[in-house]
Amino acid sequence: MPGRKGSPEAENSPHRAGGRRAAGRGSDRSQDNTDIPGPRSAGRARTSAGRAKKKPKRSTKEKVLWATAGCTALAVLGGGALYYRLNSNISTFDGDALSKDRPDAAAPDAQGRTPVNVLLIGSDSRGNGNSDLGGGGDGGARSDTAILLHVYADHKHAVGISIPRDSLVTLPPCKLPNGKWTKEQTNVMFNSAFSVGGSDQGNPACTQNAVEKLTNLRVDHTIVVDFNGFASMTKAVGGVEVCLPNDIHEGDLNPNLGHKGKLIFPKGKQKVEGQSALDYVRVRHGIGDGSDIGRTKRQQAFLSSLIKEVKSHGMDPTTLLPLADAATKSLTVDPGLGSAAKLLSFATSLKDIDLHDVKFLTVPWRYEGPRVALVHPDVDQLWAALKADRTIDGQDASAPADTGSDAPTGPATEAPLPPSPTPTSDARAAAVKVAVLNSTGETGLGGRAAETVKGAGYTVASVGNATGKPRSTTVVEYGTGERTAAEAVAKLFPGATVQPGGRGVSVVLGHDFAGANPAAATAPAPGGAATAPAPLPSSISGAARSADDDPCANLSYG
């Protein structure tokens, strides 16, 4: 990995106060005031004195203008110096170490917006002074924290998926420091990827390869933060509010201590920064079942509070630059994020995401002896939902930005359509928001029907499962003033009936639709488009944490 670039030039820069340029100005002034005997020098002195007497005083307005210009110049120079320092801080890993067999990048949606997948890795590298913060004495680097952050195409939703370190996965070939590649390994612990090669910097490219193999999602960027960077970031924001379900002592943080030790964290809410923040996200004993799963939940709660703290100060360069300055001293990123401008651009692109629309959850899992096995097909449905850019509650984040598709309630039109069974324009069709509900119990049907609705120009507001008994025939329900729109939508489903009920327009799929679409769960939709995935089980969507949740809720497991 390329080493960090120092910046000794900044110490000797002619732009620094007291530097060479200032010294040069002082030298010029001393030469101008040197006494040179003779009438000519006396004449010059009298002339200069005369000029000084005639020099007009500056007005208050002029002084304010000059002061403002000076402050602006200093701000520009200071900002440039900070960008230079940030660029010097940032380290990048070898892009050639990424797998040659990678999933395709996500395609832009109809509005040209593209979802972004970012892999966040917490490193406990023993190098770079991290052992002083609890990194321990062993060599090499490990990763106990890995979160795949999916930023949806609308850039108004995001979900972070925690992957437990003990998860048993297939590890694809990875590049070693000597340039050779390892062979594929099966049924190995997920966090072993970061340790491949045994270097103090870890192997983020190998971890990225493992995540892409596991998820079939293209990871656009990878960010590694070590102990030092994490501690510095929490100080830069003035601390982060956390909560503990019970008192935590030294022996909980270090089980090898052999005794209870002094109190580190009292039960309840408190603000932490630096070392105490690091201890909070690392502790796992003495809470719940003492597992890494419980620690993952507290890390999600911590990140939620950190995001809340940053957003409360405003996600603009004034806030983000000091935070980036703290973080980048211990930051390793992929080549695509290897500059301050790129990092800040990515950070500011998240400013419109509401706290409630930032979700965290742990990949579906179960214990397998001392390790963690991933649960199928739940985990497959989760990756499929992200690949289709579906939020965990089934919303289509690639839908047009002005359709209101992110509304959690049922669909509704703004005004009744003209009395015509078929929309007379694309705009009118798009104004009709349709909920698709699957009452058959067969997976994949909701996605197929949603593609049919969308293909006719309507807006799909949500896809989900219907409550109550399964229906034999498909029904299109409508609310007040929606009959005309419902009749037009019903024409897309031969044999469907139309009846009043609820709000907006809802298509409730019956077994007649299932009979006409026997391969709906796997077949591509008309036009070659991928079928929308089945809704996620409530065991996944219901377990998610929002960034605005109570910091004392859902902090452990067992």
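Does C243 count as buried or exposed, and at what relative accessibility? In this predicted model, C243 counts as buried because its relative accessibility is 3%, where buried denotes under 20% relative accessible area, exposed over 50%, and partly exposed the range in between, computed with a 1.4 Å probe on protein chains only. The model is predicted, so that local features need pLDDT of at least 70 and side-chain atom pairs count only at pLDDT 80 or more, while totals for chains, interfaces and linings use all residues. Residues are numbered from 1 along each chain as its sequence is written, and side-chain values use heavy atoms, with hydrogens and water left out.

The structure contains 2 disulfides, a disulfide being a pair of cysteine sulfur atoms within 2.5 Å. With bonded cysteines counted along the chain, the pairing follows the pattern 1-2, 3-4.

One disulfide is formed by C174 and C206, whose sulfur atoms lie 2.1 Å apart, and the link is right-handed, with 80 degrees about the S-S bond. Because C174 is located in the loop between β5 (168-171) and β6 (185-189) and C206 in helix α5 (residues 204-215), this pair ties together parts that are 32 residues apart in sequence; helices (H or I, at least four residues) and strands (E, at least two) are DSSP runs, numbered from the N terminus. Both C174 and C206 are buried.

A disulfide also joins C243 to C552, with an S to S distance of 2.1 Å, and the link of C243 and C552 is right-handed, with 95 degrees about the S-S bond. Since C243 lies in strand β8 (residues 240-244) and C552 in the segment after β21 (545-546), the pair ties together parts that are 309 residues apart in sequence. C552 is partly exposed, with a relative accessible area of 32%, whereas C243 is buried.
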